[in-house]
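Work through the exercises below with the sequence and the 3D view open. Each task is followed by a solution in steps.

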Amino acid sequence: MSVLLSVLVGVLAAYVLIYYSLFKGARFKSNLTLKGKTAIVTGSNTGIGKTTALDLAKRGARVILACRNKQKAEAAVYDIRKESGNPEVLYMHLDLASLTSVRGFAETFMKSEPRLDLLINNAGLIALGRTEDGFGMAFGVNHLGHFLLTLLLLDRLKQTEHSRVVNVSALLHRLGSVDFNLLNTHKDLVTGQSSWHAFRAYCHSKLCNVLFTRELANRLEGTSVTCYCLHPGVIATEIGRNMGVLQKLLSLPMSKLFFLDPEEGAQTTLYCALQEGLEPLSGRYFSSCALQNVSAHGRDDALAKKLWELSERLCEPSEYPLNHPSDAAYNITISADLFYFLRIRTLCFLMGETAF
């Protein structure tokens, strides 16, 4: 009995040590108010995006939920208004898988909103399929849609003093790379259609977020706009809602034991958006509310510039746009074998990555 008790105590101690040393993130503490300021948060109808929007609303900001799903977004608006007591929370439709939708959102915003203090590019997914414009889903949504959105809103950001762009990346950018030949020929970062390829595409897209932030900072030098990217931590979110039922069930115990909740996961986003004195660190990468190093690829200025130039070209209006995918493209079930799934989950766990 005493041996069993010792083992249980040892297991509990190991869990506490692992959780608080590797997974438990820091908290952002600030009484900063945002009355009179305007923020956009993409993908803010759930998870850390919704939590971020709620925090900004509580501080008095006018918060725009930029989301694809109208029903979920309107429900989130209701929840945030009720909890924050702030009526200046509204929904504007944005489908990052459609460059036409991105342009429409930016046009509507520029006509209706006189200022933009915070642009938080939070939305992200792990999925197969193609966007309306024919790009791989992870590359198109996680990088290219946000790239175009930011460029279209830059004039409003520059007109607002001390505005910021915050890009939610991930620690898994360290496993990413950018194959420009593949992007030119396949409009994607991978060639296959398995869950392993979806995972690889996600890693590559998160590296794109880091590179985009780096080059954006270079191009914004001399203006009052700064930008930052971050790893939010190990979060139990809906980012992997496109995974199969079995895969979700397999990840549930790990999620309950180790992953942060959305409130904890939003802390570094809030830090990058609101912490005073960050301006000299524009273009840098943060995690647990602290400056962190990025991968060697993530520090490559030539790579960042090349990605920017290619992204600009890919965002040019196509003479023959593809048809918009049905919602099934977002709800595709990734039917890879168990080996690949467990391999992905293990990598995410070891690297402290956002939950599927």
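The exercises cover a strand and its neighbours, two cavities, and two buried residues.

The model is predicted: local features need pLDDT of at least 70, side-chain atom pairs count only at pLDDT 80 or more, and totals for chains, interfaces and linings use all residues. Residues are numbered from 1 along each chain as its sequence is written, and side-chain values use heavy atoms, with hydrogens and water left out.

**Exercise 1. Place strand β4 among its neighbours and describe its two faces.**

Step 1. Helices (H or I, at least four residues) and strands (E, at least two) are DSSP runs, numbered from the N terminus. Strand β4 covers residues 118–121.

Step 2. Two strands pair if DSSP finds at least two bridges between them. Strand β1 (residues 38–42) runs parallel to β4 and is joined to it by three bridges; Ala39 stands opposite Leu118. β5 is also parallel to β4, with four bridges between them, and here Leu118 stands opposite Arg164.

Step 3. From β4 the chain passes through α5 to β5, a β-α-β crossover that is right-handed. Right-handed means that, with the strands pointing away from the viewer, the path from the first strand over the helix to the second runs clockwise.

Step 4. In a regular strand the side chains alternate between the two faces of the sheet. In β4, Leu118 and Ile120 are on one side and Leu119 and Asn121 on the other, and all are buried. Buried means under 20% relative accessible area, exposed over 50%, and partly exposed in between (1.4 Å probe, protein chains only).

**Exercise 2. Find the cavities of 30 Å³ or more and describe their linings.**

Step 1. On a 1 Å grid over the protein atoms alone, a cavity is a set of points where a 1.4 Å probe fits but cannot get out; lining residues have an atom within 4 Å of a point. Grid points are joined across faces, edges and corners, and a volume is the space filled by probe spheres set on the points. Two cavities reach the 30 Å³ limit.

Step 2. The largest holds about 70 Å³ of space. Its lining has 13 residues, and the closest to its centre are Ala127, Leu128, Asp188, Val190 and Ala201. Two or more lining residues come from each of α5 (137–159) and α7 (195–219), with α7 giving the most, three residues.

Step 3. Sort that lining by type: Ala, Val, Leu, Ile, Met, Phe, Trp, Tyr, Cys and Pro count as nonpolar, Asp, Glu, Lys and Arg as charged, and the others, Gly among them, as polar. The result is seven nonpolar, five polar and one charged.

Step 4. The second largest cavity has a volume of about 40 Å³. Residues lining it include Asn121, His146, Val168, Lys206 and Phe212. α5, β5 (164–168) and α7 each supply at least two, and α7 again gives the most, with three. This lining divides into three nonpolar, five polar and one charged.

**Exercise 3. Describe the settings of Val168 and Thr268.**

Step 1. Val168 is in strand β5 and counts as buried because its relative accessibility is 6%. Val168 and Asn121 are 47 residues apart in sequence, yet 6.2 Å apart in space, C-alpha to C-alpha.

Step 2. Thr268 lies in helix α10 (residues 267–274). Its relative accessibility is 2%, so Thr268 counts as buried.

Step 3. A polar atom of the Thr268 side chain lies 3.2 Å from the backbone nitrogen of Ser288. For the backbone nitrogen of Cys289, the distance to a polar atom of the Thr268 side chain is 3.1 Å.

Definitions and conventions
On a 1 Å grid over the protein atoms alone, a cavity is a set of points where a 1.4 Å probe fits but cannot get out, and a pocket is an open set with protein on both sides within 12 Å along at least five of seven lines; lining residues have an atom within 4 Å of a point. A polar contact is a pair of N or O atoms within 3.5 Å; within protein, one must be able to donate a hydrogen and the other to accept it, and residues adjacent in sequence count only if both atoms are side-chain atoms.
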